[in-house]
Amino acid sequence: MDMVPASAEPLLHPEQCQLRPSDHRRWWVLVAAALLLMLLVTVGPLHPMLFGVPQSEPVALILLTAAQEKGAVCLDGTPPGYHLQRGSGDGSSSWHIHLQ
């Protein structure tokens, strides 16, 4: 085992340990870039590509053509309609209604 003599100079002088203002900016840019990358990986457009999350299929529109004969139409005169997506697993007997 090599022994370092007690009179050896330190590797860094105290003035070399302090950051310059430009170093602070670089540090913040690196932190911001890391946070942005983490955001893109977890919830952004990179998530499906990296983790193989399947894209959801569009839910079919069911038009109520019989309602049009009774005068129930949308403001543009088209028949009303709704989207229905059946639940699965624990949510197979639950309903989620979204009115817009």
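A search of the whole structure, which is a predicted model, returns 1 aromatic pair. This pair joins W27 and W28, whose ring centres lie 4.8 Å apart and whose planes meet at 80°, so the arrangement is classed as edge-to-face. The angle supports this class because planes over 60 degrees apart count as edge-to-face. The two partners fall into separate accessibility classes, W27 being partly exposed with a relative accessible area of 47%, whereas W28, with a relative accessible area of 55%, is exposed. The boundary that separates them is a relative accessible area of 50%, since exposed means over that value.

With regard to the overall architecture, the protein contains 3 helices and 2 strands, and these elements follow one another from the N terminus in the order α-α-β-α-β. Of the 100 residues in the protein, 5% are buried. The accessible surface amounts to about 9800 Å², and carbon and sulfur atoms contribute 63% of that surface. When the contacts with a separation of 6 or more are considered, 11% of them are made between residues that stand 24 or more positions apart.

Within the helical part of the model, F51 belongs to helix α2, which covers residues 46-51, and its relative accessible area of 52% places F51 in the exposed class. The C-alpha atoms of F51 and V41 are 9.0 Å apart in space, while the two residues are separated by 10 positions in sequence. Helix α3, which spans residues 65-69, includes A67. In contrast to F51, which is exposed at 52%, A67 is buried, with a relative accessible area of 17%; this assignment follows because buried means under 20% relative accessible area. Once residues up to four places away in sequence are set aside, A67 touches A72 and P80. For the second of these partners, the C-alpha to C-alpha distance from A67 to P80 is 7.3 Å, across a sequence separation of 13 residues.

The segment after β2 was examined through two of its residues, L84 and S92. L84 is found in this segment, which follows the strand formed by residues 81-83, and counts as partly exposed at 32% relative accessibility. L84 also takes part in a nonpolar surface patch of about 620 Å², to which I62, L64, Y82, W95 and I97 contribute as well. The value for L84 is compatible with this membership because patches are made of residues with over 30% relative accessible area.

S92 likewise lies in the segment after β2, where a relative accessible area of 48% makes S92 partly exposed. The side chain of S92 reaches the backbone oxygen of G89 at a distance of 3.2 Å. Taken together, the residues described here cover the three accessibility classes, with A67 as a buried example, L84 and S92 as partly exposed examples, and F51 as an exposed one.

Note on methods:
Residues numbered from 1 in each chain as written. Predicted model: local features only at pLDDT ≥ 70, side-chain atom pairs only at ≥ 80, totals over all residues. Heavy atoms only, no water. Patch = residues over 30% accessible without salt bridge, like charges linked within 9 Å, V, L, I, M, F, W, Y side chains within 5 Å. Areas by Shrake-Rupley, 256 points an atom, 1.4 Å probe, with all protein chains shown as cover. Salt bridge = Lys/Arg side-chain N within 4 Å of Asp/Glu carboxyl O. Helix = DSSP H or I, 4+ residues; strand = E, 2+ residues; numbered from the N terminus. Buried < 20%, exposed > 50% of the residue type's maximum accessible area, 1.4 Å probe, protein only. Contact = heavy atoms within 4.5 Å. Phe/Tyr/Trp six-rings, centres within 6.5 Å; stacked < 30°, edge-to-face > 60°. Polar contact = N/O pair within 3.5 Å; in protein donor to acceptor, adjacent residues only side chain to side chain.
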